[in-house]
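Trainee: Please take one part of this structure and go through it closely. I would like a connected account that I can follow with the structure open.

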Amino acid sequence: MASFSESGLKFTSIRTRIATLIILFMVILTVALGSVSWFFSSRIVTQDSQTMIREITKAQAISLDSQLQLVERSVDALLECAEVRLTSADWLSNSNSCRIYSAYIGQLSLDLARNTQGCMSVYMRLDPAITGSGTDGFWYLRPEKNAAFEISEPTDINAYSKDDFNHVGWWYAPIEAHSAVWMPLYYNANIDRHLISYVAPIYKNNVFVGIIGMDIDFSVFLTLANQIDFYPGAYATLVDINTQEMYSWNRKLITEKITSNLNDFLVNDDNALSQPVLNHNNTNSIVSFMNLSNGMDFVLFTPEEELNRDRVQMVRLGLVIAFLILVLSIIFILLQLKKFIQPIVDLTKVADQYAKGNWDAVAECNSHDEVERLADSIGIMAERTRGYIQILNDKATTDAMTGVKNKAAYMEYAEKAVRGIQKGIPCALVVFDVNNLKLTNDTYGHEAGDALIISASRLICNTFLYSPVFRIGGDEFATILMGRDFDHRLQLITEFERHCNRSEFADTNYPVLLSLAYGMASSEEGCNTMEEMFTLADKRMYEKKTRMKSR
């Protein structure tokens with residue numbers, strides 16, 4: 001640094017002053033950036049961590065709830081089939097009718113149980129007051145987690161008292177509730193496992209007939225709950241607030257009583273919206289939870305020290321970045337800012353589209369760094385989510401036996417058709433009923449009956465190529481004709497009649513003729529709702545069926 005003196009006065013050069021100012025500015029800016037970095041990074045990390053914990057809790061709870069809801073839908077579907085299939089409660093007093101009915105519902109139950117994760121058993125038990133026996137019904141049991149289902153001897157209801165919950169609690173719980181219920185976690189002494197069960201009572205004409213339900217292996221459910229890997233030491237439990245028990249899984253079921261402060265939090269707070277710090281197992285943990293369909297709570301514990309470690313790392317990183325920013329040229333930073341920020345902005349826009357339900361948005365990034373890896377991961381997540389949604393939609397709207405759409409899909413299409421009628425778009429409804437199904441089942445067995453139903457659905461689909469076909473009951477089908485098929489409905493009906501009573505077997509393995517009755521109604525006949533159209537078509541179908549039987 002140059003300095004000189006004139007007339008006895010000492011001067012400092014401009015270069016020195018500029019250098020001093022720059023150094024002072026750098027020191028002040030470094031301290032300021034360091035302080036700001038510490039303050040905001042701590043705040044941001046805390047907020048982001050809380051948001052992430054909340055979202056992970058919600059996502060995991062939703063995943064668990066989807067498993068529970070799948071069980072509910074399966075049992076509800078079986079309940080509907082059981083009630084529709086049953087003509088009357090007195091019909092079951094005949095042992096042969098009881099056997100046929102149990103075999104039919106049992107096969108449907110077995111198919112659903114095989115596709116339900118964690119399902120250990122599916123069963124239907126009939127009221128001994130009707131059948132005369134405490135073992136009528138069926139019980140399909142999976143002896144091991146990955147083993148095939150086996151038919152097991154049903155537990156004799158009459159052999160145990162009502163208070164023996166571990167043996168017959170599944171029988172009395174839905175009876176007392178008069179509706180489908182999730183039973184609390186219990187140890188089933190019949191199969192030596194801890195289970196949660198969803199059981200529904202069967203009624204016919206307001207007469208209690210029996211119960212139908214599924215047992216879910218609680219260890220499988222707990223394993224799904226613990227599939228979380230975002231903070232070391234974080235773990236999940238399932239809590240039953242009624243029994244004050246908390247359950248976790250570490251190669252075996254671990255049960256412990258919940259503390260009073262955790263109980264107060266679960267009782268007074270709304271799911272994962274607040275996240276207090278509670279002492280659990282001698283560790284201060286951030287706690288969040290969500291309610292599940294079966295009455296339990298999914299609770300997530302995240303050690304607070306893990307979040308503090310992130311804050312320290314973020315502060316250090318902020319100081320380093322602040323120092324580098326001061327060392328580097330401001331111009332360089334300004335030139336590079338857009339390049340660094342733009343990929344994140346693009347990803348944010350894509351994430352906003354995902355949040356709005358637009359899973360077709362594409363996360364693209366060519367930054368060749370972690371942001372690109374994040375974009376790839378988001379893209380993979382979106383693709384898998386689309387696949388899961390499609391699978392769930394297909395399962396929810398497709399009949400498993402025939403592959404045509406089911407009654408739930410029919411209700412959706414019916415609403416669309418009504419909106420079309422209101423806009424002046426005509427449509428027609430054709431209702432079909434397979435003839436001789438009961439005779440076929442009784443004579444050749446349910447496999448022959450199933451083959452008859454499948455052949456009937458194939459004939460309907462091949463005739464009405466441009467219209468959706470629905471299986472709305474055991475042997476009932478429907479199709480909604482619009483557009484091209486509506487315009488040619490009479491020709492299509494003629495073509496259908498030419499084939500539906502042909503002198504050919506429905507299936508080469510069984511000598512059963514394919515025969516269907518049908519009835520058609522259209523909006524042009526004054527029907528303004530699908531209910532009116534269905535009533536008219538159903539009436540005509542039964543008239544057709546009567547004429548066919550009288551031949």
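Mentor: The second largest cavity of this predicted model has a volume of about 60 Å³. The structure holds three cavities of 30 Å³ or more. Around the second largest cavity stand Gln67, Leu68, Val71, Gln117, Gly118, Ile216, Val220, Phe221 and Leu224. Two elements, α1 (14-85) and α5 (218-225), each give two or more residues to this lining. By class, six of the lining residues are nonpolar and three are polar, while none is charged.

Now to a strand. Strand β16 covers residues 428-434, and it is largely enclosed by the rest of the structure because seven of its seven residues are buried. In a regular strand, side chains point to the two faces of the sheet in alternation. For β16, one side carries Ala428, Val430, Phe432 and Val434, the other Leu429, Val431 and Asp433, and all of these are buried. Strand β16 also has paired strands. It runs antiparallel to β18 (residues 476-481), and six bridges join the two; here Phe432 stands opposite Phe477. With β21 (residues 516-522) the pairing is again antiparallel, over seven bridges, and Asp433 stands opposite Ala517.

One last residue is Asn441, which lies in helix α11 (residues 437-444). With a relative accessible area of 6%, Asn441 counts as buried, since the cut-off is under 20%. Apart from neighbours within four places in sequence, Asn441 is in contact with Arg85, His446 and Gly449.

How values were computed:
Residues numbered from 1 in each chain as written. Predicted model: local features only at pLDDT ≥ 70, side-chain atom pairs only at ≥ 80, totals over all residues. Heavy atoms only, no water. 1 Å grid on protein atoms, 1.4 Å probe; cavity = no way out; pocket = protein on both sides within 12 Å on 5 of 7 lines; lining within 4 Å. Points joined across faces, edges and corners; volume = space filled by probe spheres on them. Helix = DSSP H or I, 4+ residues; strand = E, 2+ residues; numbered from the N terminus. Nonpolar A, V, L, I, M, F, W, Y, C, P; charged D, E, K, R; others polar. Buried < 20%, exposed > 50% of the residue type's maximum accessible area, 1.4 Å probe, protein only. Contact = heavy atoms within 4.5 Å. Pairing = 2+ DSSP bridges.
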